[in-house]
Amino acid sequence: MLTLYDYLPSQNAYKVRLLLSHLGLPYRTEMVAIFEGDGQQPSYLAVNPTGAVPALRLDDGRVLAESNAILTFLASGTRYLPAEPFAAAKVQQWMSFEQDYVLNIASLRYWTMTGKLARRPAALVDLRRAGGLRALQILERELAARLFIAGDAYTIADISLFAYIHRADEAGLPLREFPHVCAWIARVRAQPGFLAEHHPYAIDPHSSGELP
Ligand SMILES: N[C@@H](CCC(=O)N[C@@H](CS)C(=O)NCC(=O)O)C(=O)O
């Protein structure tokens with residue numbers, strides 16, 4: 001059986017949980033207490049050299065890290081990743097956008113929800129806010145023109161983007177200013193097998209500390 005290395009408040013890990021739910025694939029979970037240093041233990045660094053979640057262990061013992069690489073692997077041969085090379089590359093285009101641009105929203109949200117925002121340099125916070133708004137503006141423009149981000153079908157590019165975009169309010173970026181993004185969020189939520197769950201950082205008392 002697949003093993004997902006997980007930390008419940010992680011939206012990067014939620015991407016993988018969401019796809020596993022769409023696919024109806026059984027898996028077991030191994031929790032990694034990232035704020036308590038579990039990620040930096042040699043045994044976990046052998047799973048993911050960065051020490052971050054998510055990571056996935058296959059039945060044969062091989063391990064894969066990086067949320068978007070895991071999505072690509074699990075979605076291969078399914079309706080969530082087109083086989084045609086150009087369409088598949090379009091999906092990768094938007095997953096690269098996710099890692100580059102949406103990181104701004106992920107960082108802002110993390111700092112806000114764990115009480116670290118005031119400890120961060122104001123210039124860095126401003127940079128993240130500008131980057132997050134830019135990401136939302138780009139998505140707003142693109143999603144005005146089509147149903148899903150890589151075309152008319154729901155793919156892992158939508159799954160990847162959805163994880164942090166639908167929680168942008170928690171980063172102080174009001175989603176109501178982006179009606180096409182809001183309509184897309186509703187379309188994602190309507191997909192068969194959608195996983196409606198959210199685990200706030202507050203469930204982990206250690207999350208107010210810095211990562212080791
Ligand atoms: N690019 C990675 C980012 C993963 C990531 O930053 N995970 C966070 C939780 S959301 C984490 O485990 N942080 C702990 C650390 O980096 O030590 C991905 O997409 O999987």
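## A walk from the ligand outwards

Start at V53: one of its backbone N or O atoms sits 2.9 Å from an oxygen atom of the ligand. Keep in mind as you click around that this is a predicted model.

**Stop 1: the ligand and its surroundings.** Stay with the ligand and select E66 next. A polar atom of the E66 side chain is 2.7 Å from a ligand nitrogen atom. Then pick S67, where a polar side-chain atom lies 2.6 Å from an oxygen atom of the ligand. How much of the ligand does the protein bury? On its own the ligand exposes 510 Å², and the protein buries 77% of that. Now widen the selection to the residues around the ligand: there are 13, and those that come nearest are S10, V53, E66, S67 and Q99. If you have a pocket display to hand, switch it on, as the space the ligand takes up is the largest pocket.

**Stop 2: G61.** Select G61 and you land in the loop between β3 (55-57) and β4 (63-65). Is G61 buried, partly exposed or exposed? Its relative accessibility is 32%, so G61 counts as partly exposed. For a sense of scale, add A171 to the selection and draw a distance between the two C-alpha atoms. G61 and A171 are 110 residues apart along the chain, and their C-alpha atoms are separated by 37 Å.

**Stop 3: salt bridges.** Time to look at charges. Side chains of opposite charge can pair when their charged atoms come close. How many salt bridges does a search of the whole structure find? The count is ten, and three of them make good stops.

Select E98 and K15 for one of these. Their closest N and O atoms are 2.9 Å apart. E98 belongs to helix α4 (residues 85-113) and K15 to helix α1 (residues 11-23), so this pair ties together parts that are 83 residues apart in sequence. Try a surface view here: E98 has a relative accessible area of 3% and is buried, while K15, at 0% relative accessibility, also counts as buried.

Next, pick E210 and R119. This salt bridge has its closest N and O atoms 2.9 Å apart. E210 is in the segment after α7 (179-189), and R119 is in the loop between α4 and α5 (122-143), so the pair ties together parts 91 residues apart in sequence. Here the surface view shows partly exposed partners: E210 at 38% relative accessibility and R119 with a relative accessible area of 48%.

Then go to E142 and R146, another salt bridge, with 2.9 Å between the closest N and O atoms. E142 counts as partly exposed at 25% relative accessibility, and R146 is partly exposed too, with a relative accessible area of 23%.

After the pairs, try a group. Which residues do salt bridges that share partners join into one network? Select D6, R17 and E197 together to see it.

**Stop 4: R17.** Drop the other two and keep R17, which has its place in helix α1. Buried or exposed? With a relative accessible area of 4%, R17 is buried. Before you leave, add L8 to the view: the L8 backbone oxygen lies 3.2 Å from a polar atom of the R17 side chain. R17 therefore gives you a buried residue that also takes part in the salt-bridge network with D6 and E197, and that is where this tour stops.

Terms used: Residues numbered from 1 in each chain as written. Predicted model: local features only at pLDDT ≥ 70, side-chain atom pairs only at ≥ 80, totals over all residues. Heavy atoms only, no water. Salt bridge = Lys/Arg side-chain N within 4 Å of Asp/Glu carboxyl O. Helix = DSSP H or I, 4+ residues; strand = E, 2+ residues; numbered from the N terminus. Buried < 20%, exposed > 50% of the residue type's maximum accessible area, 1.4 Å probe, protein only. Near = heavy atom within 4 Å. Polar contact = N/O pair within 3.5 Å; in protein donor to acceptor, adjacent residues only side chain to side chain. Areas by Shrake-Rupley, 256 points an atom, 1.4 Å probe, with all protein chains shown as cover. 1 Å grid on protein atoms, 1.4 Å probe; cavity = no way out; pocket = protein on both sides within 12 Å on 5 of 7 lines; lining within 4 Å. Sits in = over half its atoms within 2 Å of the grid points.
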